[in-house]
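Me: Let's go through this one together, contact by contact. I'll ask, you reason it out and finish on the answer.

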Amino acid sequence: RSRLACCGIANLAETIENMPLIVDSNSIPLLVDALAAQSSSIQREAARSLGNLAANIDNGTLIMKFDALNKLAKCFQGREVECRRMAAFAIGNLASNVQFHDDILKGHILDTMSEVLRETLDPKYQSDAATARFTLLILANLSLKEENYSVLCGRYLDIIIAYGRYGDIKCRHYALFVLGNICRDADSIPTI
């Protein structure tokens, strides 16, 4: 029943008009708690719900107040593909708010992002392109803040360039978006 409830909320949260009703019903703390459920299907649907809600900056602020980032990071670090994908989706939407960049950059999320993106580039791995897309979305949103350029160049430049040639059009799009943002800083251009 918990999975169905989280799934229902995720589906409702895809419509902007439903978001205030979901938030006003005090569902965010329950969804954040569901990220720690034993069942990966409950975690997945809770992450999807929070990701949909986080598309709204105000909702993202509320989600962060309930310490969702740490729980989303644990889901992202896990090996269950669909749960990892939805955690990346939620973190990517939270990263659209530059106020959360420092929190995202100081956690283990950076290591997991490198792992996901490198695995997807390696043909020996059976990886998930959608998870790579959402992971690149995190990078794209982090690239909105100039202070993040050195971290992005230092840790991800080779990966970002590789995705600029990758077969998936959305992956290429996000990678080129990151490069374009980084090129706004004249000091980063020689590194690129």
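Me: Which cysteine sulfur is closest to the sulfur of C83, and how far away is it?
Reply: This is a predicted model, and a disulfide in it needs two cysteine sulfurs within 2.5 Å. C83 itself is buried, with 2% relative accessibility. The closest cysteine sulfur is too far for a bond: it belongs to C75, at 4.0 Å.

Me: And C6, what is the distance from its sulfur to the closest cysteine sulfur?
Reply: C6 counts as buried too, at 7% relative accessibility. The closest cysteine sulfur sits in C7, and that's too far for a bond, the separation being 8.8 Å.

Me: How many disulfides does the count come to, then?
Reply: The cut-off is 2.5 Å between sulfurs. C83 to C75 is too far at 4.0 Å, and C6 to C7 is too far at 8.8 Å. The count of disulfides comes to 0.

Me: C75 sits in α6, right? Within what arc do the buried residues of that helix fall?
Reply: The buried residues of α6 are A68, L69, L72, A73, C75 and F76. Looking down the helix axis, they line one face of α6, because they fall within an arc of 160 degrees.

Me: Staying with α6, which helix does K71 reach through its salt bridge with D33?
Reply: K71 and D33 meet through their side chains, with N to O at 3.6 Å, and the cut-off for a salt bridge is 4 Å. K71 is partly exposed at 24% relative accessibility, and D33 is partly exposed at 48%. The two are 38 residues apart in sequence, so the bridge ties α6 (residues 68-77) to the helix that holds D33 (residues 27-34), namely α3.

Me: How many salt bridges turn up over the whole structure?
Reply: In general, side chains of opposite charge can pair when their charged atoms come close. K71 with D33 is one example, at 3.6 Å. A search of the whole structure gives a total of 15.

Me: How far apart in sequence are the parts that R118 and D158 tie together?
Reply: Their side chains form a salt bridge with N to O at 3.1 Å. R118 lies in α9 (residues 109-121) and D158 in α11 (residues 149-163), so the bridge ties together parts separated in sequence by 40 residues.

Me: Is R118 buried, partly exposed or exposed?
Reply: Buried means under 20% relative accessible area and exposed means over 50%. R118 comes in at 41%, with its partner D158 at 45% and partly exposed. By those limits R118 counts as partly exposed.

Me: Which residues are joined into one network by salt bridges that share partners?
Reply: One of the bridges to look at is R44 with E45, where the closest N and O atoms are 3.0 Å apart. Both R44 and E45 are buried. Bridges with shared partners make one network out of E14, R44, E45, R48 and E82.

Me: R48 is in that list. How far is R48 from L31 in space, C-alpha to C-alpha?
Reply: R48 is found in α4 (residues 40-53), and at 14% relative accessible area it's buried. R48 and L31 are 17 residues apart in sequence, and their C-alpha atoms are separated in space by 9.7 Å.

Me: On to the rings. What kind of aromatic pair do F89 and F134 form?
Reply: There are 2 aromatic pairs in the structure. F89 and F134 have their centres 5.2 Å apart and their planes at 55 degrees. Under 30 degrees would be stacked and over 60 edge-to-face, so this pair is tilted.

Me: Which helices does that pair tie together?
Reply: F89 is buried at 13% relative accessible area, whereas F134 is partly exposed at 22%. The rings are 45 residues apart in sequence, F89 in residues 81-94 and F134 in residues 129-142, so the pair ties together α7 and α10.

Me: What about the rings of Y163 and Y166, how far apart are their centres?
Reply: Y163 is buried, at 0% relative accessibility. The planes of the two rings are at 55 degrees, so this pair is tilted, and the centres are apart by 5.0 Å.

Me: Last one: how much area does the nonpolar surface patch with F177 cover?
Reply: F177 lies in α12 (residues 169-182). At 35% relative accessible area F177 is partly exposed, and patch residues need over 30%. Together with V98 and L144, F177 makes a nonpolar patch of about 220 Å².

Terms used: Residues are numbered from 1 along each chain as its sequence is written. This is a predicted model: local features need pLDDT of at least 70, side-chain atom pairs count only at pLDDT 80 or more; totals for chains, interfaces and linings use all residues. Side-chain values use heavy atoms; hydrogens and water are left out. Patches are made of residues with over 30% relative accessible area and no salt bridge: like charges are joined within 9 Å, nonpolar side chains (Val, Leu, Ile, Met, Phe, Trp, Tyr) within 5 Å. Accessible areas come from the Shrake-Rupley method with a 1.4 Å probe; for residues, only the protein chains shown count as cover. Helices (H or I, at least four residues) and strands (E, at least two) are DSSP runs, numbered from the N terminus. Buried means under 20% relative accessible area, exposed over 50%, partly exposed in between (1.4 Å probe, protein chains only). Rings of Phe, Tyr and Trp (its six-membered ring) pair if their centres lie within 6.5 Å; planes under 30 degrees apart count as stacked, over 60 as edge-to-face and the rest as tilted. The arc is that of the directions from the helix axis to the C-beta atoms.
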